[in-house]
Amino acid sequence: MNVTVDQDTCIGCGACAEICPAVFHLDEETGKSRVIDPDACEYAGCCEAAEENCPVEAITVEGDSGF
Ligand code: SF4
């Protein structure tokens, strides 16, 4: 599974980090979300929820989560 955050699109709202802290982290320097552990998507099961709740659709989740 591959998870990416489009840095140009992200507005740093923090929703993804709140929904799925195992995978997304709001970077203090850029103020934007970054993927800290894409492999965590496999077991955390919250990547899709984060993707759906991103207000600007900056998150792309590719591949089968297995859920
Ligand atoms: S939910 Fe979307 S806009 Fe908000 S911090 Fe995450 S990637 Fe950025």
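**Fold, core and ligand shell of the predicted chain**

Cys-10 lies in the loop between strand S1 and helix H1 (15–19). Helices and strands are DSSP runs numbered from the N terminus, with at least four residues (H or I) for a helix and at least two (E) for a strand. The model is predicted: local features require pLDDT of at least 70, side-chain atom pairs count only at pLDDT 80 or more, and totals for chains, interfaces and linings use all residues. Residues are numbered from 1 along each chain as its sequence is written.

Cys-10 is buried, with 22 other C-beta atoms within 10 Å. Burial is judged by C-beta atoms placed from the backbone: a residue is buried if 20 or more others lie within 10 Å of its own, exposed if 12 or fewer, and partly exposed in between. Leaving aside neighbours within four places in sequence, Cys-10 is in contact with Val-5, Lys-32, Ser-33, Val-56 and Ala-58. Contact requires C-beta atoms, placed from the backbone, to lie within 7 Å. Pro-55 is 45 residues from Cys-10 along the chain, and their C-alpha atoms are separated by 8.9 Å.

Cys-10 also belongs to the surroundings of the ligand. There are 15 residues around the ligand, and Cys-10, Cys-13, Cys-16, Ser-33 and Cys-54 come nearest. A residue is near a molecule if its C-beta atom, placed from the backbone, lies within 6 Å of it. The shell divides into 11 nonpolar residues, 3 polar and 1 charged. Here Ala, Val, Leu, Ile, Met, Phe, Trp, Tyr, Cys and Pro count as nonpolar, Asp, Glu, Lys and Arg as charged, and the others, Gly among them, as polar.

The chain holds 3 helices and 4 strands. Along the sequence they follow the pattern β-α-β-β-α-α-β. The radius of gyration is 11 Å, close to the 11 Å that the globule rule gives for 67 residues, so the chain is as compact as a globular protein of that length. This radius is taken over C-alpha atoms, and the rule is 2.2 Å times the number of residues to the power 0.38. Along the principal axes, the C-alpha atoms fill a box of roughly 30 × 20 × 15 Å. Buried residues account for 21% of the 67 residues. Of the contacts between residues at least 6 apart in sequence, 53% join residues at least 24 apart.

Strands S1 and S4 pair in the antiparallel sense over 4 bridges. Pairing requires DSSP to find at least two bridges between the strands. Val-5 stands opposite Ile-59 in S4. Side chains alternate along S1: Val-3 and Val-5 point to one face and are buried, while Asn-2 and Thr-4 point to the other and are not. In a regular strand, such alternation between the two faces of the sheet is the rule.

The largest nonpolar core has 13 residues, of which Cys-16, Cys-20, Val-23, Cys-47, Ala-50 and Ile-59 touch the most other members. Strand S1 (2–5) and H3 each supply at least two residues of this core. Such a core is a set of buried Ala, Val, Leu, Ile, Met, Phe, Trp, Tyr and Cys residues joined through C-beta atoms within 7 Å. Beyond four places in sequence, Cys-16 touches Phe-24, Ser-33, Ala-50, Cys-54 and Ile-59.

Val-23 sits in the loop between H1 and strand S2 (24–26). With 27 C-beta neighbours inside 10 Å, Val-23 counts as buried. Not counting residues up to four places away, Val-23 touches Val-3, Val-35, Ile-36, Asp-37, Pro-38, Ala-40, Cys-41, Ala-44 and Cys-47. One of these partners, Asp-37, lies in the loop between S3 and helix H2 (41–44). Asp-37 is partly exposed, with 14 other C-beta atoms within 10 Å. Outside its neighbours within four places, Asp-37 is in contact with Ala-22 and Val-23.

Arg-34 is found in strand S3 (residues 33–35). Arg-34 is partly exposed, with 17 other C-beta atoms within 10 Å. Apart from neighbours within four places in sequence, Arg-34 is in contact with Val-5, His-25 and Asp-27.

Glu-57 lies in the loop between helix H3 (47–53) and strand S4 (59–62). Glu-57 is exposed, with 10 other C-beta atoms within 10 Å. Phi of Glu-57 is near 55°, a positive value in a residue other than glycine. Most residues other than glycine have a negative phi.

How values were computed
Two residues are in contact if their C-beta atoms, placed from the backbone, lie within 7 Å.
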